[in-house]
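Q: I'm new to reading protein structures, and I'd like to look closely at one part of this one. Could you walk me through a single strand and what lies around it?

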Amino acid sequence: MKSRFKLAIFAIIIALSNNCITSKTDHFTKDLPQPELPLQFSWANVNGINYLSYVRNQLAPRLCDSGWAFSVTSSLNDRIKIKRQNAGPDFILSPQVLISCNDDSNGCRGGSPQTAYEYILRNNITDETCSPYTGRDFRDGYQCSSLTVCMECWPKVGCKARDDAYIYSIESWDQVKGEEQMKQEIFNHGPISCVINSTVEFRNYTSGILNPPDSPTQITHSLSIVGWGEDEKQTKYWIARNSLGIFWGENGFIRIVRGKNALNIESDCSYGRIKDTWSQQIRNNTSFIKTNSSFISNGQYEHKVYEIINSKSEKDIIQQAKDELKQIFQDSYQKYQPLVESISSSFSDNIELDESTLPSNFTWGNVNGVNYLTQIKNQHNPQYCGGCWSFAVTSSLQDRIKILRNRTDIPDVILSNQMVINCHLGGSCSTGGVSLITYYFLSQIGVVEDSCMPYQAKDQWLPVCNASQQCISCELPSAPISNTTDISSICPAQTKYPYKKWKVSKFGHIAGVKQMKSEIFSRGPISCTIDATDNLENNYQGGIYSEKLKVPIPNHYVSVVGWGQTLEGEDYWIVRNSWGTYWGEQGFFKLKMHEDNLGLEYGCSWGVIDLQQ
């Protein structure tokens, strides 16, 4: 059944509101008879492993009634992770594709999980690094096109559609209802999408088991149900993940009384059976009939569709822009040099282990069968941004949070690159930045999670790091949203719920193989500069990369997550980039160790996250 939402109803809602395999779990490989289902079960902890993707926020950076799309993509993210037995990296499917392209739903005015599953079955779907969430739909400049499905943005010439994106799909989809059927499907195959009546009690939920009074049947929202439980008073409940941010409810989740069809939660659920498209790395070869010649991103650049950038003039423009950015990068580094010197006394002693005691092969993507690496990101979507310095830092720190916790049964923390950029914590999109300075600022100010301030790839030229630059919550404006609408008027600072800031307790600078290996092995991934040449960017597809440069000139930051050695004895680094999953080896690359490696070993930095704050 297709859900049609009225904007007035939604106004009330909002206003009130690499490659590793872990130890195998086999309980979901067969359909158990219903009596054998456990009293307590959650995909957040199956034999000590968390199979859930992170909590997102449909209400940032713009107002959008898109819970239907998030409930589907989040459930499928989990099901992919289950089917891959927690192998990294995580694939985060794009709700934006559904919001823009699913004609059988109403985009940001509501929709149906069933039509979303049908769209994915017929058309496939890409991931978040291809098509990031904007909170805008086909009524607001984000019509369905090849660009919407997957794009890559370039300086000065805008964005081009990519036809080599990884695609994801389902074998089939179906509906399920009733407590026992729902439990059976969740237990055997993964989370499901359910539509509910979003009552006042639900919107104001903070914690505990929600047991609301009976209410009229008015479906207004969608959730993904990830498990169930029973408390000490034998009150049965569902465990559901919402899409209103990590600060809502119980870290973005809610427990709803089970067996009473509270909020009509047991009446209309659906699921998709995942199709394996990743084993053979199937990529997109779909041509879209719909085209969108251009659209304007709020307050920033014009996005133009270029199926292939191949004219000499376009290539010349890009090359000129890259040359300018390289100089800007150097200027930025020089600008921050006095600050680097002034904070050098803050550097903690670097760790230096005996290199002979370290293994020949090591990666945080597989430590005794456990993946500690968080997801791949893309700094160049939804528009071009020279924010690599912030991505190298946040990605490394996300991993280190996971490592320090030494737990795999809780969701990953995904830190906000946009807050780092908004508050100029080491640089900007237009000037580049310095990762070491970012570590310093994070020791003083800290950074929120992504659901507070999702990435928009744009600068906020404000003099201070105020509350509205850190965490926002969108509300219905008095006039229709347009490209000229003042976003701050509809997305004010988040004040309804408390939110956490993550801080760095100590940080430092290192160089050379010994120091790099020692730090990575002891505490986690590090941030390093490289000279990202055109050949690396445009031609690398896999294997160990090397390139001889007379004098490497740093113009890019990456995160180094480990190292390896071939059977022939060639040593290499394992590096995570911030150019999306379609680049390199699903966003990663291997780089020769010791020499001809773009200057990777000249300058790296690290930070230790503070878990006790």
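**A close look at strand β5**

A: Happy to! Keep in mind that this is a predicted model. Let's begin with the open and enclosed spaces, and then settle on our strand. The largest cavity is lined by 25 residues, and those nearest its centre are Tyr54, Arg56, Glu128, Asp450 and Tyr455. Its volume is about 330 Å³. Sorted by class, the lining of the largest cavity holds 14 nonpolar, 7 polar and 4 charged residues.

The largest pocket has about 690 Å³ of space. It is lined by 30 residues, and the closest to its centre are Ile246, Glu250, Asn251, Phe253 and Pro411. Two strands, β8 (236-241) and β9 (253-257), each give at least two residues to this lining. The lining of the largest pocket is made up of 17 nonpolar, 5 polar and 8 charged residues.

Now to the strand itself. Find residues 192-196, which form β5. Why can we call β5 largely enclosed by the rest of the structure? Because 5 of its 5 residues are buried. Here, "buried" means under 20% relative accessible area.

It helps to look at the two sides in turn. In a regular strand, side chains alternate between the two faces of the sheet. On one side of β5 you will find Ile192, Cys194 and Ile196, and on the other Ser193 and Val195. Both of these faces are covered, as every one of those residues is buried.

Which strands does β5 pair with? One partner is β7 (residues 221-230), joined to β5 in the antiparallel sense over 5 bridges. To spot this pairing on your screen, look for Val195, which stands opposite Ser222 in β7. Another partner is β10 (residues 269-275), which runs antiparallel to β5 and is joined to it by 2 bridges. Here you can look for Cys194, whose bridge partner in β10 is Cys269.

For practice with burial in a helix, turn to α11 (residues 435-444). This helix is mostly covered, with 8 of its 10 residues buried. Those buried residues are Ser435, Leu436, Ile437, Thr438, Tyr439, Tyr440, Leu442 and Ser443. After α11 comes Gly446, which has a positive phi, near 85°.

Back at β5, here is the picture to keep: its residues are buried on both faces, with β7 as an antiparallel partner and β10 as another.

Terms used
Residues numbered from 1 in each chain as written. Predicted model: local features only at pLDDT ≥ 70, side-chain atom pairs only at ≥ 80, totals over all residues. Heavy atoms only, no water. 1 Å grid on protein atoms, 1.4 Å probe; cavity = no way out; pocket = protein on both sides within 12 Å on 5 of 7 lines; lining within 4 Å. Points joined across faces, edges and corners; volume = space filled by probe spheres on them. Helix = DSSP H or I, 4+ residues; strand = E, 2+ residues; numbered from the N terminus. Nonpolar A, V, L, I, M, F, W, Y, C, P; charged D, E, K, R; others polar. Buried < 20%, exposed > 50% of the residue type's maximum accessible area, 1.4 Å probe, protein only. Pairing = 2+ DSSP bridges.
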